[in-house]
Amino acid sequence: MNLQSNDFELFAVPVQFAQDAQQLAERWKALQKQAHPDRFASQGAAAQRVAMQWSVRINEAYQRLKDPLKRAAYLCEMHDAPIRAEDNTAMPTAFLMEQMEWREALEEAQSQADVDALDDQVASARRAMLQRCQQLLDVERDYAQAAQQVRALMFVARFSGDIDRRREQLGQ
């Protein structure tokens, strides 16, 4: 293992958005087994510290690779298309209008069924956006457009959290 490897190299998977979740999980387990600090107990404290660093590195890579949004953002960053979500919030008008409609529907939701219907709509939009992200990253290799799609997906992820909070409010 090389500390300079990117996450894809570390996990020995293709540098692409489409990934096999089961393959990632199996590789994570194998890597963790290799790097587990207990395997280095007889080699002293320094070897155990290095093993712990590897364990942390493997976990961080796994968290990025298994989450589609984090994986897409990582691919964009790797290809010089930074996400810059903190200072680049420009979005297409149609997307912003859809966000406003969702917010309005969430505020007006009076029942769990209303919230569930909105949640289904948002989940469907998220799936379509992830498919578009895969197209941009793996087929078109348009990392700048993919970065914009990732920013939009970040909005959707935050809104999904708002839906969960509204669901909790209605459940009280």
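Helix H6 has 29 residues, which at 1.5 Å a residue should span 42 Å; the C-alpha atoms at its ends are 40 Å apart, so expectation and model agree. The model is a predicted one. Its helices contribute to a nonpolar core whose largest example has 44 residues, and the structure also holds nine salt bridges and five aromatic pairs.

**Helix H6 and its surroundings**

- Several residues of H6 are buried, among them Val115, Leu118, Val122, Ala125 and Met129.
- Further along H6, Leu130, Cys133, Leu136, Leu137 and Asp138 are buried too.
- The cover over the buried residues of H6 includes H4, H5 and H7.
- Arg141, just after H6, takes a positive phi of about 55 degrees.

**The nonpolar core**

- In soluble globular proteins, nonpolar side chains tend to be buried together.
- In the largest nonpolar core, of 44 residues, those with the most contacts inside it are Phe11, Cys76, Leu137 and Val150.
- At least two residues of this core come from each of H1, helix H2 (21–35), H3, helix H4 (68–78), H5, helix H6 (112–140) and H7.
- Not counting residues up to four places away in sequence, Leu137 touches Phe17, Ala72, Leu75, Cys76, Tyr143 and Ala146.

**Salt bridges**

- What joins Asp7 to Arg57? Their side chains meet in a salt bridge, with 2.7 Å from N to O.
- Asp7 belongs to helix H1 (residues 7–11) and Arg57 to helix H3 (residues 45–66), so this pair ties together parts that are 50 residues apart in sequence.
- Asp7 is buried, with a relative accessible area of 0%, and Arg57 also counts as buried, at 13% relative accessibility.
- A salt bridge of 2.5 Å, N to O, joins the side chains of Arg103 and Asp162.
- That pair links distant parts of the chain, since Arg103 is in helix H5 (residues 93–108) and Asp162 is in helix H7 (residues 143–171), 59 residues apart.
- Arg103 counts as partly exposed, at 34% relative accessibility.
- The side chains of Arg167 and Asp164 form a salt bridge of 3.3 Å, N to O.
- Arg167 and Asp164 are three residues apart in helix H7, so about one helical turn separates them.
- Arg167 is partly exposed, with a relative accessible area of 22%, and Asp164 counts as partly exposed at 39% relative accessibility.
- A network of salt bridges links Asp116, Asp119, Asp164 and Arg167.

**Aromatic pairs**

- A pair of aromatic rings is described by the distance of the centres and the angle of the planes.
- The structure holds five aromatic pairs.
- In one of them, the rings of Phe95 and Phe155 have centres 5.9 Å apart and planes at 85 degrees, so the pair is edge-to-face.
- Phe95 lies in helix H5 and Phe155 in helix H7, so the pair ties together parts that are 60 residues apart in sequence.
- Phe95 is buried, with a relative accessible area of 10%.
- Is the pair of Trp102 and Phe159 stacked or edge-to-face? The ring centres are 5.7 Å apart and the planes are at 25 degrees, so the pair is stacked.
- Trp102 lies in helix H5 and Phe159 in helix H7, so this pair ties together parts that are 57 residues apart in sequence.
- Both Trp102 and Phe159 are buried.
- Phe11, Trp28 and Tyr62 form one aromatic cluster.

**Two single residues**

- Gln99 lies in helix H5 and counts as buried, at 7% relative accessibility.
- Leaving aside its neighbours within four places in sequence, Gln99 is in contact with Phe155 and Val156.
- Met154 is found in helix H7 and is partly exposed, with a relative accessible area of 26%.
- Met154 touches Leu69, Ile83 and Ala85, not counting residues up to four places away in sequence.
- The C-alpha atoms of Met154 and Phe8 are separated by 22 Å, and these residues are 146 residues apart along the chain.

**From the UniProt record**

- An unreviewed UniProt entry lists residues 6–78 as "domain: J".
- The C-alpha atoms at the ends of residues 6–78 lie 9 Å apart, and this span is 73% helix and 0% strand.

Key. Residues numbered from 1 in each chain as written. Predicted model: local features only at pLDDT ≥ 70, side-chain atom pairs only at ≥ 80, totals over all residues. Heavy atoms only, no water. Salt bridge = Lys/Arg side-chain N within 4 Å of Asp/Glu carboxyl O. Helix = DSSP H or I, 4+ residues; strand = E, 2+ residues; numbered from the N terminus. Buried < 20%, exposed > 50% of the residue type's maximum accessible area, 1.4 Å probe, protein only. UniProt positions renumbered as here; feature names shortened; annotations may be inferred. Core = buried A, V, L, I, M, F, W, Y, C linked by side-chain atoms within 4.5 Å. Contact = heavy atoms within 4.5 Å. Expected span 1.5 Å × (residues − 1). Phe/Tyr/Trp six-rings, centres within 6.5 Å; stacked < 30°, edge-to-face > 60°.
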